[in-house]
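Thanks for making time this morning. I would like to walk you through one structure, going from its overall layout down to single residues, and I will try to say clearly what each statement rests on.

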Amino acid sequence: MTEDEASGLARHDLLRVDPESWARLLAGRRDLDGVPHLAEWARRGWPVITRRRDPGEPADHIPAGLPLPPSAGKRRIGLALPAAAASRFGPVTLESARETAPPAWRPVVDEVLALGREHRLVPHVFGSLLWQALTGLPYLGAGSDLDLLWPVSGRVDPRFLQALARIEAGAPMRLDGEIVLPDGAGINWRELLDAPIGGTVLCKGRESLALRPAASFLAEVTP
């Protein structure tokens, strides 16, 4: 990946790291010696996820990370990758991860997928379901959320948000996640739904945080 390509990454984008670069990275991180699963992570083709940059991290590196499963302490590993070490790894859709979801979740997953089709939106997964689907390691537990990203090309229909809330009300798990704007910034879908008239919502970019008017992201609905 070139530096220009790296500058266009958004939070939650997935990246593959070449195994040689991964080995060099770990060799410089003695604090990660012996941490379960890390030595074989890149060799198995498992990706890392782009995150917000922490203060003091080099501007010419990509801020990324990965979470370990509960059996390994649920530790979140933060990494800074040279652009040349990484390549894009495509998003994982909810539909493709459906069979990884617990059986009790699948009726809700099907409702969410149907809602997405109705509004021409394709939900992507992150969180525990993503990592279990990618690695086969046991990330999901009784208290896990279904974490979803909803990429949009324009304004959001309030009726979509209302329907998503109705699905959550009858679900055995929490439906968490974000509306992902065309510029890659994310807005918590529940905050957008619940914003008062004239209120603002927090937009989270890879390099920025900003409060913006909620109304600017919502489509007008004709009665």
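Let me begin with a detail of the backbone: Gly136, the residue that follows helix α5, has a positive phi, near 80°. Please keep in mind throughout that what you are looking at is a predicted model.

The helix just before that glycine deserves a moment of its own. Helix α5 covers residues 127-135, and because 7 of its 9 residues are buried, it is largely enclosed by the rest of the structure. The buried residues of α5 are Gly127, Leu129, Leu130, Trp131, Gln132, Leu134 and Thr135. If we go on along the chain into the loop between α5 and β7 (146-151), we come to Gly143, which at 70% relative accessibility counts as exposed, since the cut-off for that term is over 50%. For a sense of distance, Gly143 and Arg24 are separated by 119 residues in sequence and by 36 Å in space, taken from C-alpha to C-alpha.

Now to the overall layout. The protein is divided into domain 1, residues 3-89, and domain 2, residues 94-216, and the C-alpha centres of the two domains lie 24 Å apart. How many residues of each domain are in contact with the other? There are 23 in domain 1 and 18 in domain 2. Between them the domains bury about 1700 Å², with 64% of that area on carbon and sulfur atoms. Of the area that domain 1 buries against domain 2, 33% is supplied by Arg11, His12 and Arg52, which is more than any other three residues supply.

One of those three, His12, also has a backbone feature to point out. His12 is found in the loop between α1 (3-7) and β1 (14-17), and its phi is near 80°, a positive value in a residue other than glycine. Is His12 buried or exposed? With a relative accessibility of 18%, it counts as buried, because the limit for that term is under 20%. A second histidine, His37, in the loop between α2 (19-27) and β2, likewise has a positive phi, in this case near 75°.

His12 comes up again among the neighbours of Thr50, a residue of strand β2. Thr50 is buried, with a relative accessibility of 3%. Leaving aside residues up to four places away in sequence, Thr50 touches Leu9, Ala10, Arg11, His12, Asp13, Leu15, Ile62, Pro63, Ala64 and Arg206. In the loop that runs between β2 (48-50) and β3 (61-67) we find Pro58, which is partly exposed, with a relative accessible area of 35%. Pro58 lies 7.7 Å from Ala80, C-alpha to C-alpha, although 22 residues separate the two in sequence.

Finally, a pair of helices. Two packed helices are described by the angle between their axes and the distance between the axes. For helix α4, residues 106-118, and helix α6, residues 158-169, that angle is about 175° and the axes are 10 Å apart; the two helices are therefore roughly antiparallel to each other. The contact is made by Val108, Glu111, Val112 and Leu115 on the α4 side, and by Phe160, Ala163, Leu164 and Ile167 on the α6 side. By type, these contact residues comprise 7 nonpolar, no polar and 1 charged.

Definitions and conventions: Residues are numbered from 1 along each chain as its sequence is written. This is a predicted model: local features need pLDDT of at least 70, side-chain atom pairs count only at pLDDT 80 or more; totals for chains, interfaces and linings use all residues. Side-chain values use heavy atoms; hydrogens and water are left out. Helices (H or I, at least four residues) and strands (E, at least two) are DSSP runs, numbered from the N terminus. Buried means under 20% relative accessible area, exposed over 50%, partly exposed in between (1.4 Å probe, protein chains only). Axes are lines fitted to C-alpha atoms, for helices over the stretch in contact, and angles run from 0 to 180 degrees between N-to-C directions. Angles under 35 degrees count as roughly parallel, over 145 as roughly antiparallel, 65 to 115 as roughly perpendicular and the rest as oblique. Contact means heavy atoms within 4.5 Å. Ala, Val, Leu, Ile, Met, Phe, Trp, Tyr, Cys and Pro count as nonpolar, Asp, Glu, Lys and Arg as charged, and the others, Gly among them, as polar. Domain bounds come from an automatic or database domain assignment. Buried area is the accessible area (1.4 Å probe) that two parts lose on being put together, summed over both.
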